[in-house]
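Biologist: I've got a model open and I'd like to hunt for empty space inside it. Can you walk me through it?

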Amino acid sequence: MPRNTLLRQLLEERHLTAYQAFEVQFSHAAKNLAKQAGDPRLASVAVSSRQFDRWMSGELKQLPRPDTCRILEKLLGRAARDLFASASVDLPAAPDPLPPDVPASPQVGPPTHDDDPAEILARARQLACGNVDQTTLSFLASRIEAISERYEKDGPDGLWGQTKSLHSMAHTLLAGQQPPSARRELFRVTARVGGLLGYMAVNTGAFPLAEAYCAEALELSRAIGDLDTEMWACGTQSFAAYYAGRYDEANARAAAAVDRAPNHPQAIRLLVNGRARALGKLGDRAQAERAIGRALELSDRHDVPVGLTSCISFSPYGRARTLANALTARVALQDTGHVLRDAEYLDDLVEKSDSAWSRSLVRLDVATAMLQQRGPDVEHAMSLGQQAVILASPLPISSVRQRSRDLYERAAPWRSRPAVREYGEQLRVWGCQPPPAEAG
């Protein structure tokens, strides 16, 4: 049975019994001590998993090396010799009771205090410092920003692994302790990383997984009153319901979030990506147009980008992305004239963007509108459809696949035409492409 040392007891209290969690906090303590002591060598001190296991089992014949001891003392606020000693202390035997006829001696003088001032201060410092500093928080936030910026170039498959690692790191840090301000920011970061994974899961058609990650993002953001992240997560839940074909649910989720903060910048996305597109699928023209109008009104009121922002960004929707989503809603409503006018306005912004997905999706919307005209332009529509598939083929996502199939179904009356047959063959080949080989 493992010997119960003070070290083991303190690590259990701090939820650091897993080597990975301990390693993160030990590394932070080493770097902090290196700065304080002006000794850069300390920052590279590490503990192996085998050494950690020996410590946890109490199998130690002598204290670790002096540098390791210094870092442990920094991390846990206790002297190394005490950390590796037994946590149990033998209590002195109770004195025999006094005979009933012998009165107790009156207490003389003030009570004796055995509190150690140094220990009180060490505990306070440990609580104030925790396992996360501003450098770590800034690093986590910068990784979220980098993933958002690269998403439309690398896609969910290219970024899933490192986003999952970031998520794991954030949870490991949360298992430790932080002062309130740092813990609040760590909650926010963890919620956003979970939100990114939820959005990526929608783009790969993994809807139950998307729901789980979005639920986590909502739980953590609500715990700290982070309305911005909460509304973004609600928008992603609506987004997932839309691509799962649950249009009533997509509209209801977005509407409930908008009611929470009708004038918030995140309401732009909820209105146009969540409500308007779902209402378009449901055939509710009046409500869809109201949602689009309100989204554009909020875009004018808030300081939002003019160009096409990243689809996964936590920033509010820019006007171009708002109009691109309105385009999709109006395609569903068969408002052909409006679709073609807006597409012409968007053309320059979309073509200059780095987003192959946006260029692909706008082409698919315009192609569908061309089939909805009184005089359908089938050849042009199929040409745009083929361009859309070529643009999205390197990084296919569920939204492009779905709208590509929808276009082909819309072209059913003209299946005998060569242009439609060619587009159908292109879709067949694309759908049968084998998955990319695993690296290594």
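Biologist: How many cavities of 30 Å³ or more does a search of the whole structure find?

Modeller: Keep in mind that this is a predicted model. Rolling a probe the size of a water molecule over the atoms shows where empty space is left. Searching the whole structure that way for cavities of 30 Å³ or more, the count comes to one.

Biologist: What volume does the largest cavity have?

Modeller: For a cavity, the probe has to fit but be unable to get out. Filling the largest cavity's points with probe spheres gives its volume. That comes to about 280 Å³.

Biologist: Which helix gives the most to the lining of the largest cavity?

Modeller: The lining has 24 residues, with C311, R321, S358, L361 and R403 nearest the centre. Helices α8, α10, α12, α14, α16 and α18 each supply at least two of the lining residues. With five residues, the top contributor is α16.

Biologist: Which class has the most residues in that lining, going by nonpolar, polar and charged?

Modeller: Let's go through the classes. Charged residues number five and polar ones seven. The remaining class has twelve, and it's nonpolar.

Biologist: Is R403 buried or exposed?

Modeller: R403 sits in helix α18, and it's one of the residues nearest the cavity's centre. Its relative accessibility is 10%, and the cut-off for buried is under 20%, so R403 counts as buried.

Biologist: Which side chain does the side chain of R403 make a polar contact with?

Modeller: R403 touches several residues further off in sequence, including R277, T328, L361 and D365. For the polar contact, the distance is 3.0 Å, and the partner is Y243.

How values were computed
Residues are numbered from 1 along each chain as its sequence is written. This is a predicted model: local features need pLDDT of at least 70, side-chain atom pairs count only at pLDDT 80 or more; totals for chains, interfaces and linings use all residues. Side-chain values use heavy atoms; hydrogens and water are left out. On a 1 Å grid over the protein atoms alone, a cavity is a set of points where a 1.4 Å probe fits but cannot get out, and a pocket is an open set with protein on both sides within 12 Å along at least five of seven lines; lining residues have an atom within 4 Å of a point. Helices (H or I, at least four residues) and strands (E, at least two) are DSSP runs, numbered from the N terminus. Ala, Val, Leu, Ile, Met, Phe, Trp, Tyr, Cys and Pro count as nonpolar, Asp, Glu, Lys and Arg as charged, and the others, Gly among them, as polar. Buried means under 20% relative accessible area, exposed over 50%, partly exposed in between (1.4 Å probe, protein chains only). A polar contact is a pair of N or O atoms within 3.5 Å; within protein, one must be able to donate a hydrogen and the other to accept it, and residues adjacent in sequence count only if both atoms are side-chain atoms. Contact means heavy atoms within 4.5 Å. Lists of a residue's contacts leave out its neighbours within four places in sequence.
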